[in-house]
Amino acid sequence: DGFLAILEKDAKERAKRRKTNERLANALKEEGNNAFRKGDYVVAIQRYTEGLEKVKDKQELYTNRAQAYLKMREYEKAIGDGEWALKCNEKCIKAYFLMGKAHLALKHYSESRQCYEKILQIDPQKESLFKDCMNEVNLEEKRMKDEERAVKEVQSGKLAALSIKELLQKLDRPDQNILYYTGGIRLLTGVVKDRTEQTLFRTNNGFSILKDNEIVRRAFCAERKNTAEVDLSVSLLFLWQAVCAGNEENQHLLLTDPDVNAQLPKLLSSGVSEIQKETLALISLYSENENGRRLLVRQQDLTKWLQVLMTFVSSTDARATSAMNILADLAEEQRFQTQCRGVLSTGVLPLFTQLLTSAKLVNQAALARCIGIVGNLCADGVIRMQVAESKECWQACLKLVDECFDVSPPQYQECLFAVLGLMMNLLLESNVTTQYFAVDISGRCMSLLGDKEGRIVTRAIGVLSRILPASSSAVEEVVKGGVVKKMIKFLKAGGQITSNYAVKTLSICTRSNRQAQEDLVKSDKRFSVLLKLLDSENEMIVGNAAFCLGQCLVVPGAATSLLNSNVVMILLKHAGGDATRTLVQENAAIALGKLCVAEPRHIFQLRKLNGLAILNSAMKYVHSI
């Protein structure tokens, strides 16, 4: 007993010491963190080390010290601390991340990749971090190989390699005439033809042209450029295109130059067509690939870019196409969408509305692209809500639709197609503005149902299917205009997308409008179209077809007309089926119940198919028959 008491006492004392040491270690960790934040990495390392003397198995102290070692460029020590952290916690993501960084700095590319792969194995949700890290390794390895190859070419005396070095030295001469620098830059551009020459440009400080040469810098940054300054700026843009094409390291260096970073949006807005054209060409090198887009989004304040690029819709030359290509590329980036939220209502929407109302006067091919891009941006809920609440935007959309009846060139049809797509996206929002315009919107769509282009008709029906739920008045108007007969006609023609929209439109109209119910019974003899839709593999179509059928069975004689059909079997199959959308089972069960109440003779067929049990279990869906 005495021995056990001694052991227990010893255990308690050790636990007490451990608790005291934990408290001291945490205090030292905080001191180290404060020093790290101030950039005093030596002190930070000392405090983390003192903390580890108190508690040897504290993972955070090892990873924090590893991070400080990285800042001090003591990469081997950082790797060592990462390994100790993993002994404390084998799934420590921060340890693998820091070790990956240290290995990369030591040019241990394979080991760096292995560390990052471990992160993904531990947490598959870190895929974005993993991709960024692996991309960094790949770029660094490529950069080193390029520079080794470039050194060999210089050593071998290759003419192009020597020319680049010589031309850069000549451009470094101060106080020359501006034409001297313009000519030199153009000669240099002609020499850069492959990746090795791009690398030589970089390793010979080619990107310091702006920083080190005051005449070049002043001309490039001038707000109002004379002819010589325009020529020099265009020459620089040509050079940067040559040295950055397909070279991500050079792209990064150029975009992180403060002067270039500040001037790009100004060059786009300069009003000088030559400068704008080559600036757009340069930006395209970035926007056409994922890494380049990320660079743009991270390095540039893109809040003004949406508006600036949209202005090119008024251009009649290639600038419009280039600007829309860039805008379409940027719209794919989540961060760009987020940045656009803040400037949409103040700057972008007024300009966009003006472009829509001036459709006859602008570059219509570019306008169609622009409308499509705004539609894609509306995948972001915040942006969509802002646009959908704009009365001016809806009015402009309706004006464009109206003008299509007067103008029919192919480019204008593209604008119409795009604006219908935008309207469909906006109608995912329900607000007082959409309710206000519901009758006008549905009326324009009814007018478009006679268009020669099937894709225009399909989108017009799509807009109808989304606007009609917003207004009973709109439903009344389209029913008076013969929408039911038109939808049945389109459903007979087939086409899954059109059918989806058309049967949805019918389901909205027949939900509460008796005239629509009667029109459907007249237009679809013995419900042949609806029965065919009930055999569709598309659950949305099946669910809406079953709903329409159920709504129309209140019309006298409708249920009787189905006596010699297989409607009971079809509805029973769906009511007891396993569709992922429960509305399929619900609507089929309701239709089946209404069918048997409206025409009791259908019950005999139900009994034959042993379907009473299924119907009884589904009756909970039937509120009123």
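Axes here are lines fitted to C-alpha atoms, for helices over the stretch in contact, and angles run from 0 to 180 degrees between N-to-C directions. The exercises below concern a predicted model.

**Exercise 1.** Work out how helix H19 is oriented against helix H22, and state which residues make the contact.

*Solution.* Begin with the geometry: H19 (residues 318–330) packs against H22 (residues 364–377) at an angle of about 10°, and their axes lie 10 Å apart. Since angles under 35 degrees count as roughly parallel, H19 is therefore roughly parallel to H22. Next, identify the residues: H19 contributes Ala320, Thr321, Met324, Asn325, Leu327 and Ala328, while H22 contributes Ala366, Arg369, Cys370 and Ile373. Sorted by character, the residues of this contact of H19 with H22 comprise seven nonpolar, two polar and one charged.

**Exercise 2.** Describe the interface of domain 1 and domain 2, including its buried area and its salt bridges.

*Solution.* Start from the domain assignment, which gives domain 1 (57–153), domain 2 (171–267) and domain 3 (301–481). The centres of domain 1 and domain 2, taken over C-alpha atoms, are separated by 34 Å, and their contact draws nine residues from domain 1 and eight residues from domain 2. About 770 Å² is buried between domain 1 and domain 2, with carbon and sulfur atoms giving 55% of that area. Finally, a search for salt bridges across this interface finds zero.

**Exercise 3.** Decide whether the pair Lys131 and Glu127 meets the salt-bridge cut-off, and locate both residues.

*Solution.* The cut-off requires a side-chain nitrogen of Lys or Arg within 4 Å of a carboxyl oxygen of Asp or Glu. For Lys131 and Glu127 the closest N and O atoms are 3.8 Å apart, and the pair forms a salt bridge. Both residues lie in helix H7 (residues 127–155), four residues apart, which is about one turn of the helix.

Notes. Residues are numbered from 1 along each chain as its sequence is written. This is a predicted model: local features need pLDDT of at least 70, side-chain atom pairs count only at pLDDT 80 or more; totals for chains, interfaces and linings use all residues. Side-chain values use heavy atoms; hydrogens and water are left out. Helices (H or I, at least four residues) and strands (E, at least two) are DSSP runs, numbered from the N terminus. Angles under 35 degrees count as roughly parallel, over 145 as roughly antiparallel, 65 to 115 as roughly perpendicular and the rest as oblique. Contact means heavy atoms within 4.5 Å. Ala, Val, Leu, Ile, Met, Phe, Trp, Tyr, Cys and Pro count as nonpolar, Asp, Glu, Lys and Arg as charged, and the others, Gly among them, as polar. Domain bounds come from an automatic or database domain assignment. Buried area is the accessible area (1.4 Å probe) that two parts lose on being put together, summed over both.
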